[in-house]
Amino acid sequence: MQSMRAADVPIALKDDNVEVRLSEVGEMTVAYFRFAQGTDLGPALVGLPGDMCQCPHWGYMLEGTLLMRTPSGDHTYEAGQAFYWAPGHAPEALEDCAYVDFSPTAQLQEVLRHIQNAGG
């Protein structure tokens with residue numbers, strides 16, 4: 001059995017608007033995300049299929065409000081809500097927000113590499 005706190009998980013990606021902390025656990029990755037209000041990952045996802053993240057995520061909103069664009073329409077997620085995001089989504093922070101999610105490691109790494117190469 002294993003547990004972790006966000007502060008103890010290594011930072012994988014950080015700039016003025018985004019902080020991503022990752023810890024691999026078997027074939028899954030625990031990820032802590034923080035986005036500043038107005039952060040829109042849509043432009044950094046251009047070039048992926050459908051110009052959207054294709055990795056599934058299961059998680060929990062810790063703070064703030066996040067807009068998730070999907071092919072079936074936009075959905076809003078707020079602090080205190082658990083979620084499942086199927087492949088095909090692009091997030092935008094409507095407020096400063098934070099969430100923790102659990103994702104298949106290989107798929108998440110592919111998306112993060114694409115974002116880093118896009119300069120996002």
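**Note on the predicted model: salt bridges, sheet and surface**

1. The side chains of Glu63 and Arg34 form a salt bridge, with an N to O distance of 3.2 Å. This pair links distant parts of the chain, since Glu63 is in strand E4 and Arg34 in strand E3, 29 residues apart. Glu63 is partly exposed, at 37% relative accessibility. Arg34 is likewise partly exposed, with a relative accessible area of 40%. The model is a predicted one.

2. Arg69 and Glu92 make another salt bridge, and here the closest N and O atoms are 2.2 Å apart. Arg69 belongs to strand E5 (residues 65-70) and Glu92 to strand E8 (residues 90-93), so the bridge ties together parts that are 23 residues apart in sequence. On burial the two partners fall into separate classes: Arg69 has 26% relative accessibility and counts as partly exposed, while Glu92, at 17%, counts as buried. The value for Glu92 is under the 20% limit used for buried residues.

3. A third pair is Arg21 with Glu19, whose side chains meet in a salt bridge at 2.9 Å, N to O. Both Arg21 and Glu19 are buried. They also belong to a network of salt bridges that links Lys14, Glu19 and Arg21. Over the whole structure, the search finds five salt bridges.

4. The sheet should be described by its strand order. Six strands make up an open sheet, in the order E1-E2-E3-E9-E4-E7, with antiparallel pairing. Strand E1 (11-14) and strand E7 (82-85) are at the edges; each has a single partner strand, so one side of each has no neighbour in the sheet. On average, neighbouring strands of this sheet are turned by 20° against each other, direction ignored.

5. At the E7 edge, the pairing can be given by residue. E4 and E7 run antiparallel and are joined by four bridges. Within E7, Ala82 is the bridge partner of Tyr60.

6. One helix should be placed relative to this sheet. Helix H2 (residues 105-118) lies across E1, E2, E3, E4 and strand E9 (97-104). Its direction is at about 125° to E9.

7. The surface includes a nonpolar patch formed by Met28, Trp58, Tyr84 and Phe102. Together these residues have about 380 Å² of accessible area. Of the four, Trp58 can be described further: Trp58 is found in strand E4 (residues 57-63) and is partly exposed, with a relative accessible area of 40%.

8. Glu27 deserves a separate entry. Glu27 lies in the loop between strand E2 (18-25) and strand E3 (28-35). With a relative accessible area of 71%, Glu27 is exposed, the cut-off for that class being over 50%. Apart from neighbours within four places in sequence, Glu27 is in contact with Ser103, Pro104 and Thr105. Glu27 and Gln107 are 80 residues apart in sequence, yet 10 Å apart in space, C-alpha to C-alpha.

Notes
Residues are numbered from 1 along each chain as its sequence is written. This is a predicted model: local features need pLDDT of at least 70, side-chain atom pairs count only at pLDDT 80 or more; totals for chains, interfaces and linings use all residues. Side-chain values use heavy atoms; hydrogens and water are left out. Helices (H or I, at least four residues) and strands (E, at least two) are DSSP runs, numbered from the N terminus. Buried means under 20% relative accessible area, exposed over 50%, partly exposed in between (1.4 Å probe, protein chains only). Contact means heavy atoms within 4.5 Å. Patches are made of residues with over 30% relative accessible area and no salt bridge: like charges are joined within 9 Å, nonpolar side chains (Val, Leu, Ile, Met, Phe, Trp, Tyr) within 5 Å. Accessible areas come from the Shrake-Rupley method with a 1.4 Å probe; for residues, only the protein chains shown count as cover. A salt bridge is a side-chain nitrogen of Lys or Arg within 4 Å of a carboxyl oxygen of Asp or Glu. Two strands pair if DSSP finds at least two bridges between them. Axes are lines fitted to C-alpha atoms, for helices over the stretch in contact, and angles run from 0 to 180 degrees between N-to-C directions.
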